[in-house]
Amino acid sequence: MSQITLKSNATTRVTTTRSYDNLNRLRSIRSSASVSPVASFNYIDRDANQPLRVDLADGSFWIYEYGGRVSSRKRWSEVFFGIRILTSFRISQCALTMVLWLTFFLLVGCSRSEPKADLVIINGAEPGTLDPALVTVQADSRIVRALFEGLTRLDPKTANAIPGLAQRWEISPDGINYTFYLRTNAVWSTGEPITAADVVYSWRRVLDPITGSEYAGQLFFIKNAEDFSSGKIKDPAQVGVKAIDARTLQVELVSPTPFFVDLCAFQTLAVVPRQTIEKFGDRWLMATPLPTSGAYTLEFWHLLDKIRVRKNPRHWDAANIQNNLVDFLPSESAMTAMNLYQAGQADILWDKNLIPADLMDVLGQRPDCHRYNYLGTFFMRFNILKKPFDDVRVRKALAMTIDRKRIVERITRSGEEPATHFVPGGMSIYTSPPGYGYDPETARKLLAEAGFPNGKNFPPFQYLFKAGETDKQIAVELQAMWREQLGIPMEIRQAESKVYYTSLHDMDYDVGRSSWIGDYNDPNTFLDMFMSNNGNNYTGWKNAKYDELVREGNRQMDPKKREKILQQAETLLIHDDLPITPIYFYAGVLFYRTNEVEGIHYNLLDEHPIFAIKKLKRKT
Amino acid sequence: MFPVLLIVSSIGFVLIRSMPGGPFDSERKPASAEIERNLKAKFHLDEPLWKQYLRYLGVTGDASGLIRGDLGPSLKYRNHTVNDILKQCLPVSMTLGAMSFCFAMFTGIPLGCYMALRRGQWGDHLGGFIAMLSFCVPNIVIAPLLILWLAVKLHLLPVALWGSPSQMILPTIVLGLYFSGRIARLMREGLSTTLHSEFVTTARAKGVSETAILWKHAFRLGILPVVSYSGPLLADLLTGSFVVENIFQIPGIGVFFINSIFNRDHTMTVGLVLVYAALLLILNMLVDLSYSLLDRRVRYE
Amino acid sequence: MSSGSSTLSAERISAARSSPNQRAWRRFLRSKPVIISGIFLLVLLTLVFLWPLISTYKPDATTDAQFKPPTSTHWFGTDVHGRDLLSRTFYGARISLLVGAVGAMVSLLIGVTWGAVAGYVGGRTDNAMMRAVDILYALPSIIFVIVLKSAFEKDLKTFLGHHFSIITASYASMVFLFIGLGAVSWLTMARIVRGQVLSLRSRNFVEASKALGASHTRILFKHILPNIYGIIIVYLTLTVPAIILYESFLSYLGLGVQPPQASWGSLIAEGTQQINSIRIYWWLIVFPGAMLATTLLALNFLGDGLRDAFDPRSDSRK
């Protein structure tokens, strides 16, 4: 216990009492002021290693850190002070005021002191949310996965599911019932144990329509989940997830789902803290302390500036967390991201939107550029409800005149593979059937058969895409290819993102750019999208045979037979009916210096768990 | 002032709501129609527009809304409210904006005065050319050029980010440069017009020294066009710049301004428009005030 | 008497015989920068309009010659699609010059009238008019562009496509660009003009004409506006580049002209990617940038010449 008293003119102004525990750790600070304007406040240590912030009445705040360090920063009050200066505007004082402002702002700028992070990652645009149930962007999900863990997690090398919060699980012979056994040492970062009830809460929360989770579909393999999510069942207890006891969870599925354990590693199914969410509502991620189930705790989240996470010492696998502090820098400009990386301000650059395609022919040669394949396809949707795209010959003709090689070599340039089938290659359990390549001769014949010899009388149509440099270049190439090879007039319709999405959803397009990134390592993540009742179909294509084949494939327990059935389905999609035509498979591109960073592995899901990444000491 | 803000908010509200697409449209649709419906209901997007607006104002609905200083939740940044975001990011933009304003004034006014005094001479043409260049080269070009030269090649300054004084130099220059050329031209025009007016001739005839004429009489009137321009300029600068904040990765409000429109983050856009409008009105009031201070002949009835 | 004063008196005599406007034009055409700029702009305009007849390259024809530096066949080099940059620059000039012209016209017609009336009438009218400007100013023009584009573009396109041709229809998106740009361009002009008028209307010469019984219109147009020609022209020379650059900003955001069309703004926005530390295809940024800068400089000199020539006080200055 220590006491500090501030006095002036023999009057006590502030008394600060600090108490320490037996290990001499700061437990609490209590300040009381006898004279205004100094505010009174209390601070209690919460055992966790996070700073605690105290907001004072005048808008400034103090941050207490473990070990008793105190930092404070004033922001708002100073700004208003500056405005007050400005209001006393006089020519003679003008220059003086400006100098004052300048000094003041420079001082504000200087007042920032943070320890350096062990690892700095340039991660993509500012995350809209870090709520596992709501997150939809891959870059955001990488941060979410660091904070919140599910029953399983991804192996850093192969991205296959390995035990996470669940130590082991049993699957009934019919593939319907799963029993998960949680680890005894699985605890929240605040110390409370993670129980099966937490898992049940997290999953029901995703399914609850009130939450508004766009990815709730990842849980529809569970019995009654879809009905609960669409409001047909009101009672959440009917969903096939039950906590048998604190450590045992039972899950009942609709039908055998070979990839369900993989799904459990998906961020939507991660376990989230019930009490915090119920107490703070939408702003729960801003709560301090924020209990996390993953390998990291959220240190701070400064919008557009930095998200910092800190190793969670209570994580069951804390011994294998390779770094202590990790910074995620949000970036929207490819050039800035590359400059920061080159200047050594960041260790890893890993968002595909931040790779300058123009320069990939040079950058690709460098040793710190790492390229690999992953599950992502760039393709084109046809609106088959519109003439002339209701004619399969027209669709085939258009598909056959796309010079995919030219597009990947000249436009995207990052080592993408031209795609003739929809499901990307590389899955151990599935190989796609062949589709159509570049064949303008046959295309012209098909077009003539459809009633448009040399493109005569072909109605003008639009190619819809989302504004963006690479997509624009692809559109220009497509326009020229179709004009020159088929003689048909295509107009480019560049739309900003929300217009693009609504046009696609409302089927207000002729031909539209699309892309899909696999959520888990199974062909179903691609194929189920074009089933008649799937909300993401948007082509107007309904094929009962296709639906039946995909359903039958997913029921099939024998991998060999399953592959055969799904291949038949994909043949329908990309060869016979062609409501879509694939253009290329995305290539993953990562930048990091191999002599400085290790623990990143390439896998089909393009996932690189943060805990496994280690920054090596720079050798000089 | 408040009626104007009210009108601005209502027009903004209607305009933004009439844009196609909603905040929750994305590549994939929500898993069920019920989820989509609930999402909309949660943020009251399913109500008629006038009801939403009244709720936004805080006239109806729960204890929040504009009249209580609550700008509502952000529809894109779901874990933050608009107030949270403003609190974090507006000071940064204001800092950058104020510094750029100072830079533009400190470079533009002297250059303008110099050109006015050398009117028609070689120095005037050179100055005019420099001023012209500064606002003919867009900042999407000047920013990467300066980064390439000063930061990447010479290693004199950091390439991006925000926090330390050295990180503030480049963005300040890039943002200010464009306006310093404009200010220089306005200053030159204002001052040279005043220098040729009768009262200056009279003063000269009375034997007032050239320095006194320039600083005591001509400058006060000559700066009027600049003052007039500086109101909207400062409001513009203080609320951030998309390009500069984007290129230098500065956590300011300018990026949100543009992105919120694209994201259909309605509450965010209206909130930012309101902040901008309030700033603009205050600054324009100051401009009018300084007009009557600088030019005694301007009176307000 | 020296010979200098005799030429001066001769000039005075000739000046006395002609009207102020004729004198202004004569002064205007005597300045060297004006003549050079005028010729440059004329040549540019001719080239821009005749380009489809002269050029051997279509601006949207893709070839295999990707990223070729300037050669004798492609004077400005080629871009990512192997398109001739010279052709694209000249096609781009049409849109950029049109955008600039529209912006200038709007700010001249609406902005000057609005500002002058507000400043001259004063009082409540002034207050109301300026608040209207504030309101419009506070609403980001980018919202107008998006709303107009997304709400009406399709209808307008179909309309133009039915009644005119596909080629006209592809210009539909530009109409909204113009409306959006026009909506912002006049606001600052109105503020500046109003400020000037406010300070002029209490001057002696205005009071004098009032005492002589001149009508308000006459005072405004004959006495006040001529005194602020200078600032109007200067501000116009600021507006044109601002509008052209604003278009480049919109292109940067993907809201500008629809590809495969080009404007100087969109060419520059594309070219900025070339400014990096890794590899620079300099021609993609240098040529469109230089074209833009030269044109704006020429416009500026022309503006300066106009201002000097038509300023009512310039007679006494010489």
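At roughly what angle do the axes of helix H11 (residues 229-252) of chain C and helix H13 (residues 283-310) of chain C cross? Keep in mind that this is a predicted model. The crossing comes out at roughly 170°, and the two axes come within 8 Å. Angle and axis distance are the usual pair to quote here, since two packed helices are described by the angle between their axes and the distance between the axes. Anything over 145 degrees counts as roughly antiparallel, so H11(C) and H13(C) are roughly antiparallel to each other.

If you want to look at the packing itself, start on the H11(C) side, where the residues that meet H13(C) are Tyr229(C), Gly230(C), Ile233(C), Val234(C), Leu236(C), Thr237(C), Val240(C), Pro241(C) and Ile244(C). Across from them, H13(C) brings in Leu292(C), Leu296(C), Leu299(C), Asn300(C), Gly303(C), Leu306(C), Arg307(C) and Phe310(C). Sorted by class, the residues of this contact come to 12 nonpolar, four polar and one charged.

Stay in chain C for a moment and step past H11. In the loop between H11 and helix H12 (264-271) of chain C you'll find Pro260(C). The peptide bond leading into it from Pro259(C) is cis, with omega near 5°.

Now over to chain B. Its secondary structure amounts to 13 helices and zero strands. The C-alpha trace spans about 85 × 60 × 30 Å along its principal axes. Of the 301 residues in chain B, 57% are buried. And if you take the contacts in chain B with a separation of 6 or more, 69% of them link residues 24 or more positions apart.

Chain B touches both chain C and chain A, so to speak, on two fronts. Take chain C to begin with: 47 residues from chain B and 47 residues from chain C take part in that contact. On the chain B side, the elements that give two or more residues include helix H1 (2-17), helix H5 (122-136) and helix H10 (224-238) of chain B. By class, this side of chain B has 35 nonpolar, six polar and six charged residues.

The contact with chain A involves 53 residues of chain B and 59 residues of chain A. Among the chain B elements giving two or more residues here are helix H2 (33-42), helix H4 (82-117) and helix H11 (242-247). H4(B) provides the largest share of this side, at 10 residues. The side of chain B that touches chain A divides into 31 nonpolar, 12 polar and 10 charged residues.

Chain A has some backbone details of its own. Pro289(A) sits in the loop between helix H7 (274-280) and strand S15 (296-302) of chain A, and the peptide bond from Thr288(A) to Pro289(A) is cis, with omega near 0°.

Then there's Leu304(A), which is not a glycine but has a positive phi of about 60°. You'll find Leu304(A) in the loop between S15 and strand S16 (306-311) of chain A. Is Leu304(A) buried or exposed? Leu304(A) has 26 other C-beta atoms within 10 Å, so it counts as buried.

Met507(A) is also a residue other than glycine with a positive phi, near 55°. Its place is the loop between helix H14 (497-505) and strand S23 (511-517) of chain A. Met507(A) counts as partly exposed because it has 16 C-beta neighbours inside 10 Å.

Technical notes. Residues are numbered from 1 along each chain as its sequence is written. Chains are lettered from A and ligands numbered from 1 in the order in which they are written. This is a predicted model: local features need pLDDT of at least 70, side-chain atom pairs count only at pLDDT 80 or more; totals for chains, interfaces and linings use all residues. Helices (H or I, at least four residues) and strands (E, at least two) are DSSP runs, numbered from the N terminus. A residue is buried if 20 or more other C-beta atoms lie within 10 Å of its own, exposed if 12 or fewer, and partly exposed in between; C-beta atoms are placed from the backbone. Two residues are in contact if their C-beta atoms, placed from the backbone, lie within 7 Å. Axes are lines fitted to C-alpha atoms, for helices over the stretch in contact, and angles run from 0 to 180 degrees between N-to-C directions. Angles under 35 degrees count as roughly parallel, over 145 as roughly antiparallel, 65 to 115 as roughly perpendicular and the rest as oblique. Ala, Val, Leu, Ile, Met, Phe, Trp, Tyr, Cys and Pro count as nonpolar, Asp, Glu, Lys and Arg as charged, and the others, Gly among them, as polar.
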